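Biologist: Please give me a close look at one part of this model, the way its helices pack, with some of the loops around them. Then set that part against the chain as a whole.

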Amino acid sequence: LGFKTADFTLFQKIHALFLMAIERRGEVEAEILSLALPSDVRSEEFKEMAWADTPEDLRLRCLRIRALQLGSADKFSNEGPGKFLQRLEKRRLHRESEFIGHSAGDRSKVVLVYVMKAIAAALDAHTNYFTQNEANQFMIQVQQRLFGIGVQLRDDLDGLSVVRIIENSPASQNMRLRIHDKILAVNQEPIVGLEITEAVEMIRGEQGTSVSLTVLRDGEVLTIDLVRGEIVLEESRLEVLKEPFGDGSIATLRLFSFYQDPSYSSAQDMRKALEQIRSESDLKGVVLDLRGNAGGLLTQAVSVTGLFISKGVVVSIKDHAGRVQRLRETEGKTAWDGPLVVLVNRASASAAEIVAQTLQDYGRAIVVGDARTFGKGSFQTFTLDPTHQPKVNPQGEYKVTRGRYYTVSGRSPQLQGVFSDIVVPGILSKIDIGEEFSKFPLANDSIEPSFEDDLSDVSAFQRLALGSSYRNQLQPRLFSYAPLLERLKGNSEARIQGNKPYQKFLADIEAENFDSLQVDLFSQGDLQYLEAVNILKDLLFLQK
């Protein structure tokens, strides 16, 4: 293959075609410069656009976008349309220059970025090369925190609309910034025409620094000055619900990702939540909701599992050479050892599958939800450590698949996923998503179970350090749920069968009408969640 001899001719040909497209865009911009602007343009028409069919369609689309941008500029700028168009042109040329380059060396670097991306992606479904900006975004996803003002924005082409304000963020203080505000400029620099990522980077900055926003609100232009701060995305981390049950309560922990930063972690936050609930009432049972949880840090999967088991193997990882390393819970400080239901769906993946299947293996939990989960049983190493404050390499970073992981039973969720003990269909039940639909997925295999942990993978010194207390407190396999499963299944099926809204929902998803029912977590619309709670209540009743 060409890459073995550093022959990247194919990539250079693709880049040449891309440069031709850039040149054509310049020609279109020149052609529409003297055309009259339409007056009936709305930002909504540019959402989910298809490719233009003809050159005339392309010219008309560019003309309408220009009309929308000029209409926005007129609301806050006195520089006139001519100067504003010059600004847009300057920004477009600057953006295009990043792809074109100023020299043959620059063009070679652009091509090499995509060579590295292609080579990485060809290895398997999860190995990736990240540019510096992409690596920064990846770190935000892993840590679920950033530095800025705390808003979620939508690009309307004529400005950035505020669609969400994060609680306890700089933007939320004194309600100075509001939902539906449209940001037109940052530090007096107009952002119309910028890529949303570029505009967001202008808004973000170091903690304690100021940023000035020019905002359009109900036809009035305002200037809002904010001080940037650390934004912890709590709503993308953990959500907690407590509801009365009998003479006590049941709790739901909705975990969105397995996160860790220098101050917080998913296991730490969940332990605090459980301790708080237990201090307020007699906790009867817990629903651990892992729907849509795509994973995160492997070490946090171990720590979260450790909240519900004493000591023992949580997950084993096998590398390309066949070496097996076991990750264990060694503290033995459970946060909850009572009735537990784990709720999953087709989008529960990776670390979420480790937790669900390990708790299922030990008999500590009943897994409820879609028939099976995503099926990502491979583990990756990132070239940055997200638990610290790493600086991204300007040359980029890598995420590399190192091998497969296996729960304590020796099974891997790779391709097949975690199978629910009780199937409760949800909005994703009929959608073809999962590892099996990705490019170049690893095959599934298994290893020997490790319920009786012989510590054979660690040194003699480590075995001595763990001591006899580790082996004496190994989490036993429990079978207390097994005799109740058929009764719980039957009760659940009967409730679903007699629930008319649920039957309508099932008919809709069977017909692939996925927009038919709004699914809101912890509300009457979330039928899958409500049934999981009913199963927990059934379990408590039967055990009593």
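Modeller: Helices and strands here are DSSP runs, numbered from the N terminus: H or I over at least four residues for a helix, E over at least two for a strand. The model is predicted, so local features need pLDDT of at least 70 and side-chain atom pairs count only at pLDDT 80 or more, while totals for chains, interfaces and linings use all residues. Residues are numbered from 1 along each chain as its sequence is written, and side-chain values use heavy atoms, with hydrogens and water left out.

On that basis the protein has 13 helices and 19 strands.

Start with α8 (residues 298-305) and α9 (residues 351-361), whose axes lie 9 Å apart at an angle of about 30°. Axes are lines fitted to C-alpha atoms, for helices over the stretch in contact, with angles from 0 to 180 degrees between N-to-C directions. The two helices are therefore roughly parallel (under 35 degrees; over 145 is roughly antiparallel, 65 to 115 roughly perpendicular, and the rest oblique). The crossing of α8 past α9 is right-handed; a crossing is right-handed if the near helix is turned clockwise from the far one by less than a right angle, and left-handed if anticlockwise. On the α8 side, L298, A301, V304 and T305 make the contact, and on the α9 side A351, I354, V355, T358 and L359, where contact means heavy atoms within 4.5 Å. These residues divide into 7 nonpolar, 2 polar and no charged (Ala, Val, Leu, Ile, Met, Phe, Trp, Tyr, Cys and Pro are nonpolar; Asp, Glu, Lys and Arg are charged; the others, Gly among them, are polar).

The loop between β15 (340-344) and α9 holds S350. S350 is not a glycine, yet its phi is positive, about 60°. With a relative accessible area of 9%, S350 is buried (under 20%; exposed is over 50%, partly exposed in between, with a 1.4 Å probe and protein chains only). A positive phi near 60° also occurs at L455, again a residue other than glycine. L455 sits in the loop between β19 (422-423) and α10 (460-472) and counts as buried at 2% relative accessibility.

Further along the chain, α12 (residues 500-510) packs on α13 (residues 527-543) at about 130°, with the axes 11 Å apart. This pair is therefore oblique, and α12 passes α13 in a left-handed crossing. P501, Y502 and F505 of α12 meet L527, Q528 and E531 of α13. By class, that gives 4 nonpolar, 1 polar and 1 charged residues.

Two other residues extend the picture. R64, in helix α2 (residues 55-76), is buried at 17% relative accessible area. Leaving aside residues up to four places away in sequence, R64 touches P38, D40, V41, E45 and F46. H180, in the loop between β4 (160-165) and β5 (182-186), counts as exposed at 69% relative accessibility. Its C-alpha atom is 36 Å from that of I277, a residue 97 positions away along the chain.

For the chain as a whole, 46% of the 544 residues are buried. Among contacts with a separation of 6 or more, 73% join residues 24 or more positions apart. The C-alpha trace spans about 80 × 60 × 50 Å along its principal axes.
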